[in-house]
Amino acid sequence: MRFFCRFTSIILSLCLLTACTQKSSVSTEENTSFSGFTNAVFCSLASSDSLTLNYTLSSPDKLGITDLPMGLNSFTYEDLEHDGSVSENLLATLESYQKSTLTFDQQVTYDCLKETLTNNLDGEKYLQFSESLGPTTGIQAQLPVLLAEFRIEERSDLDQYFYLLRSVPDYFQSLLDLERNKKGLSTLPCRSTLEHIAEQCNEFLDSNGYSMLTSIFRKKVSHLSFLSESEKKSVLQQHELLLTNSLLPAYQGMVQTINELIPHARENGSLSSYENGDAYYDYLVHKTTGSPLSTENIEKEIKETLTVSKDTLLSLAGKDASLFSSCQSYVTNFHSSEEILAYLEKEFIKDFPEIKCDDKKNPSSSPTESNESNPSYEIKEVDESLQDYLSPAFYLTPPVDDPSHQVIYLNPSPKYDSSSLFNTLAHEGYPGHLYQNSYLLSKKVPLLRHLLDCGGYTEGWATYAEIFAYRYTGVSPDEVSILQNNMIVSLCLYGLCDIGVHAHGWTENEVLEFLQQYGTWSKDTANAVYSAVVDEPASYLKYTVGYVEIMRLKEKMKELLGGNFTEKMFHTYLLDMGPCSFQILEDYMELWWKMQLSRPISYQ
């Protein structure tokens, strides 16, 4: 799972955009003007709230961002409607540029931004379903970790952190007002989802979450050289007051309001059971996955992938059933997460391109000056107060201007299988999220690309990388195939359950009946799958559809290149393009290959 600190739709300052665009238009170069435009969009989005700014830029002043935010902004229907008008104006400005005159990177950025804005405008029809409180991906679940990892290096960072804490009550209140409005619109999440949100908040309140933030902040302050000892003492007192008077009451108020709404929520959590819910789910699937296919065709693609993997496993079982036990032997080869990542970092480079800093000097590009091919990283454990509701693992993206240190969180909760640590770290680290994001930063693509959400690409890449990394386990080719296809089957089953529940209205019993066609599933496990799918519609599909689409693109590249195809070449293409929709990836494949022919590179 990859965290991005963006909790609202794109909210941009049209005045800033106009000023920056007019300044850039002094140049006769269309691409210079376009760079000014996209930089202005980036700066406005990056500084839209204190969390986004802190996780996006280490030195915002170097990009001319001096008007800093004052915490988190409200999240109301009025705000969402305003986003629509902003997106409409931005789209008109974007389309005033002649795409054919832009550089390759700018053309990709043009298409990515156009798709984002178009999706935002399409979403205007479904504002009544807007949601920010998912039990796992909602802001109330993510906020404690994001506060814990908030970077404080100078006084302005400390000010931003305190502004953030002060803003939480009003921000939470705006989210709860949205839920109250949804009560009247009959679009509240179902009862079980609301119960899970309340339980998640209570877990933070009851399980030492307050002490976790206090302890981490105290450690940060002890290393702040710009504070005197007396100032440090004062800062710690302010922090305690803000936790006591702002953060904790905000969570308590959320629990109270959610509990008041639970009796008014429906039992059935399938989106198809809501008025216009079918159309909303189709929109959500498209936006979440980045696939050009309809939900119906996505379902067909997943079923075909499932059939191939299932048949492969049956064939391997007929060949030697003992391999299904022996293939797990690789887990005993490693004794720590650090050891696994070090091994993967050494092995994966055989099949993936090396990270090299781009030499071009592009004012619209990432301002990183790091020349490290291998970024440093830290592995941390999720605090006990958050373990029940956060993912098994997740990767926190670093600021785009300071990628030197990156963080992977592992969740030690006993409900997660510790034997999957190898593939978990392949997903979050090498050759997954950490590697892909580091590669993107090294390419110095237009800054805006880092803030356009492309979950299907990013989670699809990490899932593909995780499955690919089974090649490095040291077991036999047949055992590698078992490990890979077992995971693909699981991916497909979860994806089909998501579609089954929300597009076809499957009940818990129907989910169980479906899963039992593919092995032994207990009722409790099937119910957990159903519950997770209901709580976070289309969330599983980022992984499933992302992987399926990448494999489809791989076949397309094999057809296009014939004998010139190599795995490393395909990986280089995906990484060079960076996060975008799968339609864009398909559209640019042939052009990218022609560019490589003009400057031959070894992909062996």
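Which residues lie nearest the centre of the second largest pocket? That one gets settled in the opening view; every close-up here comes from a predicted model.

**View 1. The second largest pocket and what lines it.** The residues nearest the pocket's centre are A148, E149, K220, K380 and V407. They belong to a lining of 32 residues, and the space inside comes to about 840 Å³. If you're sorting the lining by chemistry, expect 15 nonpolar, seven polar and 10 charged residues. Helices and strands both chip in: α3 (50–56), α6 (139–148), α9 (209–222), β2 (376–381) and β4 (405–410) each supply at least two lining residues. Helix α9 takes the largest share, with five residues.

**View 2. Strand β4 and its pairing partners, β2 and β3.** Start with β4, since it pairs with both of the other strands shown here. With β2 the pairing is parallel and runs over six bridges, while with β3 it is antiparallel and runs over four bridges. For a residue to follow, try I408 in β4: I379 has it as bridge partner, and Y395 stands opposite it as well. Y409 in β4 is the bridge partner of F394. Strand β4 is mostly covered, with five of its six residues buried.

**View 3. The two faces of strand β3.** Strand β3 covers residues 393–396. A393 and Y395 point one way, F394 and L396 the other, and all of them are buried. Where does Y395 find its opposite number in β4? That would be I408.

**View 4. S58, tucked into a loop.** S58 sits in the loop between α3 and α4 (77–95). Is S58 buried or exposed? It's buried, because its relative accessibility is 9% and the cut-off for buried is under 20%. Setting aside neighbours within four places in sequence, S58 is in contact with R151, E153, P399, D401 and D402.

**View 5. The largest nonpolar core.** This core has 125 residues. Those with the most contacts inside it are F42, Y435, L515, Y573, L574, M577 and L585. Helix α18 (residues 477–504) gives the most to this core, namely 13 residues. Apart from this core lies another, of 61 residues, including F75, L147, C201 and V255. As background, nonpolar side chains tend to be buried together in soluble globular proteins.

**View 6. Zooming in on L574.** Which residues does L574 touch, once those up to four places away in sequence are left out? The list reads Y457, W461, I550, L553 and L585. L585 turns up again among the residues with the most contacts inside the largest nonpolar core, as does L574 itself.

**View 7. L421 and its contacts.** L421 is in helix α15. It counts as partly exposed, because its relative accessibility is 27% and that class runs between 20% and 50%. With neighbours within four places in sequence left aside, L421 is in contact with S337, I340 and L410. L421 and S336 are 85 residues apart in sequence, yet their C-alpha atoms are 8.9 Å apart in space.

**View 8. A cis peptide bond ahead of P431.** Worth a look if you check omega angles: the bond from Y430 to P431 is cis, with omega near 5°. P431 lies in the loop between α15 (421–428) and α16 (433–443).

**View 9. Two loop residues with positive phi, S186 and N276.** Neither residue is a glycine. S186 has a phi of about 60°, and its place is the loop between α7 (155–185) and α8 (191–206). N276 has a phi of about 70°, and the loop that holds N276 runs between α10 (229–261) and α11 (277–289). How accessible are they? S186 is partly exposed, with a relative accessible area of 48%. N276 is also partly exposed, with a relative accessible area of 39%.

Key
Residues are numbered from 1 along each chain as its sequence is written. This is a predicted model: local features need pLDDT of at least 70, side-chain atom pairs count only at pLDDT 80 or more; totals for chains, interfaces and linings use all residues. Side-chain values use heavy atoms; hydrogens and water are left out. On a 1 Å grid over the protein atoms alone, a cavity is a set of points where a 1.4 Å probe fits but cannot get out, and a pocket is an open set with protein on both sides within 12 Å along at least five of seven lines; lining residues have an atom within 4 Å of a point. Grid points are joined across faces, edges and corners, and a volume is the space filled by probe spheres set on the points. Ala, Val, Leu, Ile, Met, Phe, Trp, Tyr, Cys and Pro count as nonpolar, Asp, Glu, Lys and Arg as charged, and the others, Gly among them, as polar. Buried means under 20% relative accessible area, exposed over 50%, partly exposed in between (1.4 Å probe, protein chains only). Two strands pair if DSSP finds at least two bridges between them. A nonpolar core is a set of buried Ala, Val, Leu, Ile, Met, Phe, Trp, Tyr and Cys residues joined through side-chain atoms within 4.5 Å. Contact means heavy atoms within 4.5 Å.
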